[in-house]
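Reader: Hi! I'm new to looking at protein models, could you walk me through this one?
Author: Happy to, let's look at it together.

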Amino acid sequence: MKIRQALLSVSDKRGILEFARGLANDGVKLLSTGGTAKLLRDAGLEVVEIGDYTGFPEMLDGRVKTLHPKVHGGILARRDVDAHMETIAAHGIPAIDLVCVNLYPFRETVARPGVTLEEAIENIDIGGPAMVRSAAKNYAAVAIVTDPGDYAAILEEMRGNGGALTLEARFALAKKAFVHTARYDGAIANWLTALDDKNAPRLFPEKLQLAFDCVEVLRYGENPHQEAAFYRDPAALPGSIAHYVQSQGKALSYNNIADADAAWECVKSFDAPACVIVKHANPCGVAIAGTLQAAYEKAFRTDPASAFGGILAFNGEVGIDVVDALSERKHFVELIIAPGFSSAARAELVKKANLRLLEAPLERAPNALEMKRIGGGMLVQTADSFGISAENLKLVTRRAPSAEQIENLLFAWRVAKFVKSNAIVFCGDGMTLGVGAGQMSRIDSTRIAAIKAQNAGLPLKGACVASDAFFPFRDGIDALAEAGAGAVIQPGGSVRDEEVIAAADEHDLAMVFTGVRHFRH
């Protein structure tokens with residue numbers, strides 16, 4: 001379909017002048033509205049303003065300008081239906097072959113602090129979505145352009161096809177246009193249904209509209225007989241795993257991404273060089289040190305058996321020293337994720353053809369909301385972004401922790417946040433010594449963590465321990481003391497806190513309360 005007449009009406013004016021100039025150079029007649037028309041005319045382009053085209057001026061503060069038969073007739077007329085073409089000809093309506101529209105900045109407006117309902121309403125586009133949907137519906141004859149990123153490719157195709165766009169190109173643009181309007185309407189619905197009875201915004205809308213882009217179809221789901229795909233939130237924060245780039249290795253599976261996400265979120269929480277080893281979504285080794293290599297070696301010591309076939313995450317560029325340490329231990333891993341890899345490290349890692357390497361930007365801002373699908377619905381919550389420092393800890397025992405113990409308690413508390421509940425984490429010298437995860441009983445998690453340390457040959461005498469939730473009975477404290485613990489960090493809040501504190505005093509343990517728990521399911 002040769003493009004002879006185009007209608008340009010954009011809120012986002014990036015690249016529109018160059019695009020209009022390219023269309024004009026191909027002999028395309030330009031129609032336009034308001035600010036877009038002024039921009040093009042000031043640049044010396046010949047353009048017909050929409051009011052002159054329809055014979056009606058823009059009215060009602062611009063609310064009515066393109067809602068006119070001469071506009072929509074020219075867009076919606078089917079070129080393959082004689083009656084349609086005869087009708088628009090009889091009414092003096094030329095065909096419009098290309099529509100370039102993007103919409104009022106509603107999302108940008110409501111993102112501003114203190115925006116009023118009136119301001120938001122005025123930034124709801126009416127004529128724009130109508131034109132977009134009209135052109136997309138009639139993609140067989142009309143090209144709809146909503147993304148400035150497509151301008152160059154469209155001009156290039158037109159030059160290669162004598163001023164025409166193929167049906168395949170128009171259909172691709174139409175699909176993109178329907179996504180554009182759907183997400184625009186979704187943003188409006190989310191914002192409006194989140195208003196309370198005084199029109200103040202709430203966090204959770206009554207009608208939640210979600211939008212995700214398919215990044216890739218995965219090898220399989222949690223099990224090989226399940227199919228899976230990875231979708232990215234268009235608003236995903238830069239530091240999230242959604243922005244990974246795979247530079248090496250086999251295609252990713254569902255479990256690869258889920259485990260890599262768990263490892264990445266954990267390792268990002270440390271400022272010092274850190275290594276996190278994850279197996280089945282749980283950290284099985286976490287450590288900080290002066291270098292990534294030293295952190296890796298400490299993390300590996302926690303649970304060498306579980307580390308086999310695990311996921312490794314680093315919060316700095318992986319160098320050849322880390323790769324050599326992996327090779328020395330013959331440590332098989334499924335995937336390594338880091339902000340980057342040195343050229344020497346890449347040269348060595350490329351020999352491991354099946355090893356997946358992911359790179360992601362190291363930014364620590366948490367996602368605003370977390371979502372979990374359940375049967376027939378979904379759970380939505382804010383992220384567990386609560387941080388704590390030594391000044392926030394409440395001492396509840398006779399013995400106070402030393403400065404070194406406080407550092408290790410805070411380290412253990414940070415790790416516990418990423419361990420499935422019930423979580424018990426033994427730590428010392430900036431590394432995990434034993435991790436008990438995902439048990440129905442906290443006492444069982446305690447015993448498992450101690451067994452893990454024993455299996456790895458790591459002594460627990462004087463170890464610092466974090467519990468993600470309170471101890472409901474004193475038996476958990478008794479088990480920690482029996483294992484050799486010297487200090488404990490936990491939320492507190494049990495009806496038996498006094499009994500638990502008394503048990504800690506009996507064992508001469510130091511114990512502090514955080515006042516907040518870190519359940520992870």
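**Helices and a sheet**

Author: Let's start with a pair of helices: α8 and α10 cross in a left-handed way. Keep in mind that this is a predicted model.

Reader: Okay! At what angle do the axes of α8 and α10 cross?

Author: They cross at roughly 150°, and the axes come within 9 Å. Angles over 145 degrees count as roughly antiparallel, so α8 is roughly antiparallel to α10.

Reader: Which residues meet there?

Author: From α8 you have Pro-129, Val-132, Arg-133, Ala-136 and Lys-137. They meet Ala-174, Ala-177, Phe-178 and Thr-181 of α10.

Reader: And how many of the residues in that contact are nonpolar, polar or charged?

Author: The contact of α8 with α10 has 6 nonpolar residues, 1 polar and 2 charged.

Reader: Cool. Switching topic: in what order do the strands of the sheet come?

Author: The order is β3-β2-β1-β4-β5. These 5 strands form an open sheet, and their pairing is parallel.

Reader: Which strands stand at the edges?

Author: β3 (48-49) and β5 (143-145) do. Each has a single partner strand, so one side of each is left without a neighbour in the sheet.

Reader: How many bridges join β4 and β5?

Author: There are 3 bridges between β4, which covers residues 98-102, and β5, in the parallel sense. As one example, Val-99 has Ile-144 in β5 as its bridge partner.

Reader: Which strands does helix α2 touch?

Author: Helix α2 (residues 34-42) packs on the sheet and touches β1 (5-10), β2 (29-32) and β3. The direction of α2 makes about 115° with that of β1.

Reader: What about α10, which strands does that one touch?

Author: Helix α10 (residues 167-192) packs on the sheet too, touching β4 and β5. The direction of α10 makes about 45° with that of β5.

Reader: One last pair: how far apart are the axes of α12 and α14?

Author: The axes of α12 (residues 292-302) and α14 (residues 320-328) are 8 Å apart, and the helices pack at an angle of about 25°. Angles under 35 degrees count as roughly parallel, so α12 is roughly parallel to α14.

Reader: Is that crossing left-handed or right-handed?

Author: α12 passes α14 in a right-handed crossing. On the α12 side, the contact is made by Leu-292, Gln-293, Tyr-296 and Glu-297. α14 brings Asp-321, Val-322, Ala-325 and Leu-326. By class, the contact of α12 with α14 has 5 nonpolar, 1 polar and 2 charged residues.

Key:
Residues numbered from 1 in each chain as written. Predicted model: local features only at pLDDT ≥ 70, side-chain atom pairs only at ≥ 80, totals over all residues. Heavy atoms only, no water. Axes fitted to C-alpha atoms, helices over the stretch in contact; angles between N-to-C directions. Helix = DSSP H or I, 4+ residues; strand = E, 2+ residues; numbered from the N terminus. Parallel < 35°, antiparallel > 145°, perpendicular 65-115°, else oblique. Left-handed = near helix turned anticlockwise from the far one by under 90°. Contact = heavy atoms within 4.5 Å. Nonpolar A, V, L, I, M, F, W, Y, C, P; charged D, E, K, R; others polar. Pairing = 2+ DSSP bridges.
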